[in-house]
Amino acid sequence: MDLHKKNVRFRLTLWYTVTLTVILLLYAGITLFMTWLNLSHSLDRHLEKDYEVIEEMVEIGPDGRVHIDEDDRSFLEERWIEIWSPDGNLLYNSRPFSGRDLPPWHPDSNLYEMTFRSLTTRSGVRMRELVARANIEGHDLVFRLFRSEEGIYGELRKFILLLLIALPLAMLAAAWGGYWLAGRLLAPLGRMTRKARQIGDRNLHERLPVDNPSDEMGRLAITFNELLDRIQDAFERLRQFTYDAAHELRTPLTAIRSTGEVALQEPQEPDTYREIIGSILEENNRLTNLVNSLLFLSRADSGTFSLRPETTDLRELVEQTADLIQPLAEEKQQEFLIEGQLRAPLLLDKTLLRQALLNLLDNAIKYGPPGSTIRITLQEEEDTVRLDVTDEGSPIPEAYTEKIFERFFRVDASRSKESGGSGLGLAIARWAVEVQGGELFVTPGKEKGNTFTIRFSRRTQTSSV
Ligand code: ADP
């Protein structure tokens with residue numbers, strides 16, 4: 001039967017019953033043994049007392065015969081006493097007929113002052129025997145006294161009978177109690193299982209019932225619920241991401257389509273066609289950038305990204321990146337001002353850091369006014385390295401200083417879109433910095449400008465690379 005493997009309740013009940021039965025049996029065994037020991041002991045004490053009494057009652061006649069002072073006949077009637085001479089002659093027997101039922105005393109058998117032993121009569125009655133040597137009025141005598149052990153065995157039989165009736169009842173009660181108890185204990189688990197089965201992507205907000213938050217089951221349910229919280233959160237983010245991505249993709253696609261449709265409505269001049277194709281290519285460019293950003297983020301999310309750190313002169317990297325994006329700045333008559341130098345190179349993934357820097361500079365150009373200066377400063381303080389990109393645009397409201405790093409978030413969606421932004425640039429930049437153990441945050445200026453800071457600690461640098 002496979003039931004014991006599948007069903008914890010059955011297994012608990014079984015263990016409970018077996019354990020309880022073993023304990024009961026042990027207890028019964030010990031009690032039985034102790035009862036037997038006590039009764040045997042008190043039987044021996046009775047025999048000793050009998051002997052003390054009978055010793056007082058014995059008299060030796062002038063003819064050397066043994067007499068018993070028979071004043072107290074009732075005492076003798078109730079007891080079985082033999083008196084032997086040391087050479088093996090029976091001198092007195094209180095029960096001459098039944099005495100034949102037991103083997104006679106033998107002179108060699110008792111060498112000690114007083115001995116006890118158990119024997120069985122030919123008719124199967126268990127007897128306890130006391131043999132004692134005594135000297136009465138100058139005569140050596142051997143006293144032999146008997147008492148039946150049947151009383152003891154009768155008691156023990158009654159006890160065993162009681163056990164035979166009580167034990168199966170106790171086992172049944174234990175099994176029933178165990179089954180009930182296990183059922184009660186496991187009930188929350190059953191409820192949790194049923195609820196967990198019902199939870200799917202449509203009702204991911206539902207949670208397992210928590211009966212008692214401080215017991216093991218409760219803690220399991222709480223842990224499971226926390227896991228559900230995280231899954232729901234990730235699910236929501238994924239849903240939102242897909243929605244936002246689709247939304248972002250739709251805009252340039254719609255633009256391309258309507259531009260094409262307008263162009264096809266009636267014949268156009270060759271220059272107009274050029275213009276139309278140019279704007280289609282521009283939209284296409286925007287689409288390509290967006291798709292590249294999405295691919296980048298999905299690779300980042302998958303956790304399979306492998307860093308390639310190399311010794312990097314940060315100043316050099318900043319200069320190269322600024323050169324790369326220079327044409328965009330020139331379009332708005334903006335200029336870069338690079339200041340500061342680091343004491344020593346850093347271990348960094350150049351490609352990732354260049355990407356982050358490009359996104360920051362691109363934003364500084366986009367959101368800074370024409371003719372403004374974009375200041376890039378390198379500083380080092382103890383073991384902290386700092387790179388600040390400061391523009392002269394309008395300060396980002398305090399409420400948005402964290403939100404702007406979220407995917408697809410834009411403070412002013414329409415303005416940002418005009419300049420080709422999709423809201424992914426800062427999310428990518430932050431990931432590219434954090435994955436290397438750094439930090440990226442913004443400090444809006446009091447009156448104008450924003451400073452985006454990339455910070456690395458040299459200590460975590462050497463330990464992580
Ligand atoms: P986008 O592609 O829209 O620029 P980002 O993730 O790079 O996306 O930036 C998110 C938002 O943060 C932007 O839409 C803009 O509102 C704000 N932002 C980013 N950089 C700057 C900056 N240098 N000055 C002012 N606002 C900025």
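Glu137 is placed in the loop between strand 6 and strand 7, and in this predicted model the residue takes a positive phi near 45 degrees although it is something other than glycine. Most residues other than glycine have a negative phi. The loop belongs to a hairpin of strand 6 and strand 7 that has 2 residues between the strands. Glu137 has a relative accessible area of 53%, over the 50% cut-off, and therefore counts as exposed.

A second glutamate, Glu382, lies in the loop between strand 11 (373-381) and strand 12 (384-390), and it too has a positive phi without being a glycine. The values for the two residues are set side by side below.

| Residue | Loop | Phi | Relative accessible area |
|---|---|---|---|
| Glu137 | strand 6 to strand 7 | near 45 degrees | 53% |
| Glu382 | strand 11 to strand 12 | about 50 degrees | 71% |

The strands that flank Glu137 are part of a wider pairing. Strand 6 (residues 126-136) pairs with strand 7 in the antiparallel sense over 10 bridges, and Asn135 stands opposite Asp140 of strand 7. Strand 7 (residues 139-148) is also joined by 5 bridges to strand 3 (residues 80-84), again in an antiparallel arrangement, with Trp84 standing opposite Val142 of strand 7.

Among the helices, helix 2 (residues 8-57) has 50 residues, which at 1.5 Å a residue should span 74 Å, and the 73 Å between its end C-alpha atoms agrees with that expectation. At the start of helix 2, a side-chain oxygen of Asn7 comes to within 2.9 Å of the backbone nitrogen of Arg9. The buried residues of helix 2 include Thr13, Thr17, Thr21 and Ala28, and also Leu43, Asp44, Leu47, Asp50 and Tyr51.

Taken as a whole, the protein chain has 11 helices and 14 strands. Its radius of gyration is 52 Å, well over the 23 Å that the globule rule gives for 465 residues, so the protein chain is more spread out than a compact globule. The C-alpha trace spans about 165 × 60 × 35 Å along its principal axes, and buried residues make up 34% of the 465 residues. Of the contacts between residues at least 6 apart in sequence, 60% join residues at least 24 apart. The protein chain exposes about 28700 Å², of which carbon and sulfur atoms supply 56%.

Conventions. Residues are numbered from 1 along each chain as its sequence is written. This is a predicted model: local features need pLDDT of at least 70, side-chain atom pairs count only at pLDDT 80 or more; totals for chains, interfaces and linings use all residues. Side-chain values use heavy atoms; hydrogens and water are left out. Helices (H or I, at least four residues) and strands (E, at least two) are DSSP runs, numbered from the N terminus. The expected span of a helix is 1.5 Å times one less than its number of residues. Buried means under 20% relative accessible area, exposed over 50%, partly exposed in between (1.4 Å probe, protein chains only). A polar contact is a pair of N or O atoms within 3.5 Å; within protein, one must be able to donate a hydrogen and the other to accept it, and residues adjacent in sequence count only if both atoms are side-chain atoms. The radius of gyration is taken over C-alpha atoms; the globule rule is 2.2 Å times the number of residues to the power 0.38. Contact means heavy atoms within 4.5 Å. Accessible areas come from the Shrake-Rupley method with a 1.4 Å probe; for residues, only the protein chains shown count as cover. Two strands pair if DSSP finds at least two bridges between them.
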